[in-house]
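Hi,

Here is the structure I promised to pass on. Have a look at it first, and my notes follow below.

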Number of protein chains: 2
Amino acid sequence: MGQIHKSRIIEQLTGELATYPKSLRRIAMYVIDNPAEFGMDSIRDSASLIGVSTNSLVRLAKKLGFETYHQFRAPFREALTASASSGDAGQWIGELYERGGKERARADAATSVMGNVTDALRQTDADSIALAADCILEAKKVFLVATRGPYALVHYFYHVGRIALPNLVIAPRHANAPVDEILTADENDVVLAISSMPYSRETIDACEMARKKGAKLILMSDSAANSLPLTPYITLVSPVSTPHYFESYVGFFALLEWLLTVLVERGGEDVQQRIQMFNDLRSDANLYWKM
Amino acid sequence: MGQIHKSRIIEQLTGELATYPKSLRRIAMYVIDNPAEFGMDSIRDSASLIGVSTNSLVRLAKKLGFETYHQFRAPFREALTASASSGDAGQWIGELYERGGKERARADAATSVMGNVTDALRQTDADSIALAADCILEAKKVFLVATRGPYALVHYFYHVGRIALPNLVIAPRHANAPVDEILTADENDVVLAISSMPYSRETIDACEMARKKGAKLILMSDSAANSLPLTPYITLVSPVSTPHYFESYVGFFALLEWLLTVLVERGGEDVQQRIQMFNDLRSDANLYWKM
DNA sequence: ACGTTATAATAACATTTGTTTTGTTTTTTG
DNA sequence: CAAAAAACAAAACAAATGTTATTATAACGT
């Protein structure tokens, strides 16, 4: 019951986000991206984390039709306890912790990495992936846009995906800016962009150009709310946070592999034949080591 | 982190349960059986649900060594938010599977991605990672070798790692074969190679050259046994198998992020300062999008 | 049985949390 | 540009939550 209400609230927030004034919008974005923390924290904690006053939270609750802030937060709390009761997939991590010492550090690292992967897979629904796959399969051209860290992800996607799809283009190539490639895009094309907050300006420029040209935008980001101004056709969300000094993209990587899987599936017989052909050609060309 | 503390507390409660007096025992049983509710509810709610007074809960907290009831409950709260974001991938996959048909294939994809990450982290012990990190930190130069799919992994490792380590070199560069770079390697250097069966001949050539020059070889592979002829100094193993037509490198990716984490940890203060400096320079240079 | 100690409930207290009020700033409208 | 309306933060207020003190009860040893 609570689950449903929670998702309905998030849906409403997402839809009405654009019409909200400054503070309420910041709250809505925070709630959309951090439903668990929002459910757990007190009104003061949430307010200070978001950077607004407490009664801004109360006003948003009233605006959404709730009598009190309590009623607004309640569905998020129920969702928390509901999700906690189901399976413990990562029990082995806890056992690691028991051993202490280096194993404990390993448990921390594993928790963080595993958490991002499972979160990415759980938050993304199969329909979004399927829709993205269909878009990509139907597109005339697919531009892959990313800079810095996520560029490696795009490279991987290109390397595997081009076997199935002859129409992939990595956007920043030939020492160009990404936007230079997107100039040739049109409404038959798809742009797949990967970036996390704070967004790379180059990537955003490319996304905006893509929308202007009428191409469909598939965005992989760590925040659904922050990406709304770009009006993506599909948004695939994965967390990137770690307890350390850099961001973790393993969640994105997992999503990309899932997307590749679905692409091959939906591509049908001929795609699978193409893959087989590639592999055959490679071993003929003495690309593999013989022991 | 919270997950782990929570399970330790529950373990303690379970063990000492028999020695507790009546009220404390009732509380302990309740907490063991209803950790989620206990984490969510207020002290009065829990007390009335259990049928004891509020300060019985406080006494139990003190008995367990906590300063306050808050500290006693905190791990359970953290575990709640943690499980909401990462806990029940298994359940979610199970639901997909129930639907049958195409949904079942998608469940398989998610299962295999998750499984590869889990196995990679579980099979690799912390000592190997720590040893690899020390080798890399002490090396004069570190050559990163990979071709095709894994090249994206090396690119990512380079992108993040060069912030901490100024001595990284991607081996296949300037349209060279990997082995061309390795020609300059010596016994003070380390070669980090990534490849899965069947091994890329180019990568293997580079590895053999590295050994001949006296450099230490760190190999990431899907098989420890098959890599033995290369006499690697350290072998990091992750499965790459999927039920589909291509290999999954998400396990390697997870291992690399773990290695990066340990590198930053062991690199100490100056490495962390370098990372901060990089980030500052980037935002100064208008590389990030302002909303 | 008696006194002592441990355990527990009640109630008083202090802190935190949610709500409402007030005044100021920002935005909108004429 | 000025007036009105909306949005907001700060602070006052009330309710809840957590903590401590007091008192009563149960368990234990001599």
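Let's start at the DNA: a phosphate oxygen of DNA strand D is 2.9 Å from an N or O atom in the side chain of Arg59(A), which fits a polar contact (a pair of N or O atoms within 3.5 Å). On chain B, a polar side-chain atom of Lys62(B) sits 3.1 Å from a phosphate oxygen of that strand, and for Thr68(B) the distance is 3.4 Å.

A quick word on the basis: this is a predicted model, where local features need pLDDT of at least 70 and side-chain atom pairs count only at pLDDT 80 or more, while totals for chains, interfaces and linings use all residues. Residues are numbered from 1 along each chain as its sequence is written, chains are lettered from A and ligands numbered from 1 in the order written, and side-chain values use heavy atoms, with hydrogens and water left out.

Back to strand D. There are 19 residues around it, and Ser23(A), Ser56(A), Ile43(B), Tyr69(B) and Arg73(B) come nearest (near means a heavy atom within 4 Å). Sugar and phosphate make up 58% of the strand D atoms that come within 4 Å of the protein. H5(B) gives the most to this surface, with 4 residues (helices are DSSP runs of H or I, at least four residues; strands are E runs, at least two).

Chain B also has an open sheet of 5 strands, ordered E2-E1-E3-E4-E5 with parallel pairing (strands pair if DSSP finds at least two bridges between them). Its edge strands are E2 (168-170) and E5 (234-237).

Cheers

Terms used. Polar contact = N/O pair within 3.5 Å; in protein donor to acceptor, adjacent residues only side chain to side chain.
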